[in-house]
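The exercises that follow ask for a careful reading of one protein chain, each with a solution worked in steps. Please look through the sequence and the structure before turning to the tasks.

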Amino acid sequence: MSSLKEIKSRIQSVGSTRKITSAMKMVSSAKLRKAQRTIENFLPYENKLNSLLTNFLSADTDTVSPFACQRKTENVAVVAISSNSSLCGAFNSNVARLLIQTLNEYKHLGKSNIKLYPIGKKIAKSAEKIGFSYENDFEKIVDKPSYEAIAAIAEQLMNDFLSKKIDRVELIFHHFKNKSSQILQRETLLPFSLKNETNANENQSYYIVEPSRKQILNELIPKVIKLRLFAALLDSSASEHAARTIAMQIATDNANDLMQELTLQYNKSRQQAITAELLDITGATFGVN
């Protein structure tokens, strides 16, 4: 059985850990609330733009866009979003696992024909471990999501798609559903889908268009692509903070349980030690008599 000193030392160690995990949980909760507000402020704009695009596509079944061009995939770009730090459960490992699965699907193209855009320190390290290199560092935009920074990445992807340097863009990220549910997603960013998902019987808006429907769509579709990439970044940011909040809550609960067990063990050991001392004193007393 462990000595009283060892048990007391363990209790102090677990107590210190509990303070850290509890503090981290509170910090993550505050960051999560901020991330949720950002998403709530952003969604109305994105939804309105998507609605506008849907109405345009509904009114013109012959719409053609260079961003919707389907061609044989010989070069692919993969954008994967993770966090910069750990202690968020399986958040980063899930992204890494899906990234490896995606890369394996395209391994027949050769590494030179696969461009990787790892947004986040953890997924960048995972990419290095499996032998994939990347050109730019996108770590900064994870902790402070910036539309300008993510729009620049989207612009580069669109330019490469139009110039046929890449034929497909895959996007991997966590979708924030609620505090206890973050759904790992894999979506095709390019080629852009022109499918109209609106029911034909639903009421739709019609517009008087100037200078032309084609020109407006050519400007609208790139905006929607940029917004989708930015929405994925915001989703991932909120999911990260939610995952870390839950992980730190679980760690704090485990620390509390361990503290109770150690305290009980300490009290039992202390009681046994006192009983043993009393028996020694009693035995010594009777021996003298």
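The accessible surface of the protein comes to about 16800 Å², and 51% of that surface belongs to carbon and sulfur atoms. The model is a predicted one.

**Exercise 1. The overall build**

Task: State how many helices and strands the protein has, and in what order the elements run from the N terminus.

Solution. Begin with the count, which gives six helices and four strands. Next, following the chain from the N terminus, one reads the order α-β-α-β-α-α-α-β-β-α. Then turn to burial: of the 289 residues in the protein, 38% are buried. Finally, consider the contacts between residues at least 6 apart in sequence, of which 80% join residues at least 24 apart.

**Exercise 2. Cysteines and disulfides**

Task: Determine how many disulfides the structure holds, and decide whether Cys 88 is buried or exposed.

Solution. The structure holds zero disulfides. For Cys 88, the relative accessible area is 2%, and because buried means under 20%, this residue is classed as buried. Cys 69, by comparison, has a relative accessible area of 33% and is therefore partly exposed, a class that lies between the 20% and 50% cut-offs.

**Exercise 3. Helix α5 and what follows**

Task: Compare the reach of helix α5 with its expected span, list its buried residues, and describe the backbone just after the helix.

Solution. Helix α5 covers residues 147–162, which makes 16 residues, and from its first C-alpha to its last it reaches 22 Å, close to the 22 Å expected at 1.5 Å a residue. Its buried residues are Ile 150, Ala 151, Ile 153, Ala 154, Leu 157, Met 158, Asp 160 and Phe 161. To read such a list, recall that an α-helix has 3.6 residues a turn, so residues three or four places apart point the same way. Just after α5, Lys 164 takes a positive phi of about 65 degrees, and this residue lies in the loop between α5 and β3 (168–178). With a relative accessible area of 57%, Lys 164 is exposed.

**Exercise 4. Backbone exceptions in other loops**

Task: Find which two residues are joined by a cis peptide bond, and say where Leu 87, with its positive phi, is placed.

Solution. The background is that most residues other than glycine have a negative phi, and most peptide bonds are trans. The cis bond joins Leu 190 and Pro 191, with omega at about 5 degrees; Pro 191 is found in the loop between β4 (181–190) and α6. As for Leu 87, its phi is near 60 degrees, and its place is in the loop between β1 (76–81) and α2 (91–105). Its relative accessible area of 48% makes Leu 87 partly exposed.

**Exercise 5. Two residues of helix α6**

Task: For Ser 237 and Leu 278, decide in each case whether the residue is buried or exposed, and describe its surroundings.

Solution. Ser 237 is found in helix α6 and is buried, with a relative accessible area of 10%. Once its neighbours within four places in sequence are left aside, Ser 237 is in contact with Ala 35, Val 142 and Pro 145. Leu 278 also has its place in helix α6, which spans residues 213–288, but Leu 278 is exposed, at a relative accessible area of 51%. Together with Ile 274 and Ile 281, Leu 278 makes a nonpolar surface patch of about 290 Å².

Notes: Residues are numbered from 1 along each chain as its sequence is written. This is a predicted model: local features need pLDDT of at least 70, side-chain atom pairs count only at pLDDT 80 or more; totals for chains, interfaces and linings use all residues. Side-chain values use heavy atoms; hydrogens and water are left out. A disulfide is a pair of cysteine sulfur atoms within 2.5 Å. Buried means under 20% relative accessible area, exposed over 50%, partly exposed in between (1.4 Å probe, protein chains only). Helices (H or I, at least four residues) and strands (E, at least two) are DSSP runs, numbered from the N terminus. The expected span of a helix is 1.5 Å times one less than its number of residues. Patches are made of residues with over 30% relative accessible area and no salt bridge: like charges are joined within 9 Å, nonpolar side chains (Val, Leu, Ile, Met, Phe, Trp, Tyr) within 5 Å. Accessible areas come from the Shrake-Rupley method with a 1.4 Å probe; for residues, only the protein chains shown count as cover. A salt bridge is a side-chain nitrogen of Lys or Arg within 4 Å of a carboxyl oxygen of Asp or Glu. Contact means heavy atoms within 4.5 Å.
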